[in-house]
Amino acid sequence: MTVILVGLPGSGKSTAGRQLARHLDWPFADSDHELEREFGTTIRDFFADHGEDAFRDREEQAIDHLAQPGRRVLATGGGAVLRPANRAAMKREGNVVVYLRASPEELARRLRHDTQRPLLQGGDALRKLRDLYRVRDPLYREVATFVLDAGRTSVPSLVHRLCMQMDMAGLSQAL
């Protein structure tokens with residue numbers, strides 16, 4: 001199976017994903033990092049030079065490839081769920097999708113010094129996070145096998161809870 005982590009920017013997808021992959025002894029992939037390697041530049045610079053639509057087109061190709069069922073942990077970009085094709089790829093048989101849910105207020109606190117996330121730059125980050133949450137929360141829930149509160153939880157605790165959820169759901173034999 002592929003374990004796919006979704007959630008708003010700053011929810012811990014990459015950090016928890018790396019720890020989960022180490023715990024399972026599986027490869028880890030981060031769709032944003034894969035795209036930056038492909039672009040040869042940061043997502044922020046790609047957004048500035050080519051726009052969000054061009055980024056989402058390339059992201060869709062990456063998600064289709066990376067969300068193939070297999071022994072892997074995949075952290076996605078926060079907006080990956082916006083495209084129906086990405087949601088369909090995530091929900092393929094053999095995938096487990098985990099929504100790391102955190103409140104916009106918690107995320108604003110975590111990201112108060114961040115300068116790399118293009119959709120949060122310039123202006124009121126909390127308002128932007130609330131807007132993103134309002135639009136994306138239903139989409140994250142649509143694809144999620146599990147929803148885990150990632151608000152004020154340590155990463156080791158989050159990984160432990162996820163492994164317990166998978167075990168209780170009878171998915172541990174696939175690990």
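Let me begin with one residue, T76, which is buried at 3% relative accessibility, and let me say at once that we are looking at a predicted model. T76 sits in the loop between β3 and α5, and its side chain reaches the backbone oxygen of L5 at a distance of 2.9 Å. If we leave aside residues up to four places away in sequence, T76 touches I4, L5, V6, K13, S31, I63 and M90.

From there I would like to move to the sheet. Which order do the strands take? There are five of them in an open sheet, arranged as β2-β3-β1-β4-β5, and the pairing is parallel. At the edges stand β2, residues 28-30, and β5, residues 146-149, each with a single partner strand, so one side of each is left without a neighbour in the sheet. From one strand to the next, the twist averages 20°.

Within that sheet, strand β1, residues 2-6, pairs with strand β3, residues 72-75, in the parallel sense over four bridges, and T2 stands opposite R72 in β3. Helix α1, residues 13-24, packs on the sheet, where it touches β1, β2, β3 and β4, the last of these being residues 95-101, and the direction of α1 makes about 175° with that of β3. Helix α8, residues 155-168, packs on the sheet as well, touching β1, β4 and β5, and its direction makes about 155° with that of β5.

In the loop between α1 and β2 we find D25, and here I would ask you to look at the backbone. Most residues other than glycine have a negative phi. The phi of D25, however, is positive, near 60°. Is D25 buried or exposed? With a relative accessible area of 68%, D25 is exposed.

Now to the interior, where the largest nonpolar core has 29 residues, and the members that touch the most others are I4, V6, F55, V81 and M90. At least two residues of this core come from each of β1, α2, α3 (43-50), α4, α5 (84-90), β4, α6 (104-110) and α7 (125-143), and the largest share, five residues, is supplied by α7. There is also a second, separate core of 20 residues, which includes V98, L148, L158 and V159.

F55 deserves a closer look. Leaving out residues up to four places away in sequence, F55 touches D32, L35, F39, I43, F46 and F47, and at 3% relative accessibility F55 counts as buried.

That brings me to the aromatic rings, of which the structure holds four pairs. In one of them, the rings of F39 and F55 have their centres 6.3 Å apart and their planes at 70°, and since an angle over 60 degrees counts as edge-to-face, that is how this pair is described. Why does this pair tie together separate parts of the chain? F39 lies in helix α2, residues 31-39, while F55 lies in helix α4, residues 52-66, so the pair joins parts that are 16 residues apart in sequence. F39 is buried, with a relative accessible area of 15%.

A further pair is formed by F47 and F55, which is tilted, with 5.2 Å from centre to centre and 45° between the planes; both of these residues are buried. Taken together, ring pairs link F39, F46, F47 and F55 into a cluster, and with that cluster I will stop.

Conventions: Residues are numbered from 1 along each chain as its sequence is written. This is a predicted model: local features need pLDDT of at least 70, side-chain atom pairs count only at pLDDT 80 or more; totals for chains, interfaces and linings use all residues. Side-chain values use heavy atoms; hydrogens and water are left out. Rings of Phe, Tyr and Trp (its six-membered ring) pair if their centres lie within 6.5 Å; planes under 30 degrees apart count as stacked, over 60 as edge-to-face and the rest as tilted. Buried means under 20% relative accessible area, exposed over 50%, partly exposed in between (1.4 Å probe, protein chains only). Two strands pair if DSSP finds at least two bridges between them. Axes are lines fitted to C-alpha atoms, for helices over the stretch in contact, and angles run from 0 to 180 degrees between N-to-C directions. Contact means heavy atoms within 4.5 Å. A nonpolar core is a set of buried Ala, Val, Leu, Ile, Met, Phe, Trp, Tyr and Cys residues joined through side-chain atoms within 4.5 Å. A polar contact is a pair of N or O atoms within 3.5 Å; within protein, one must be able to donate a hydrogen and the other to accept it, and residues adjacent in sequence count only if both atoms are side-chain atoms.
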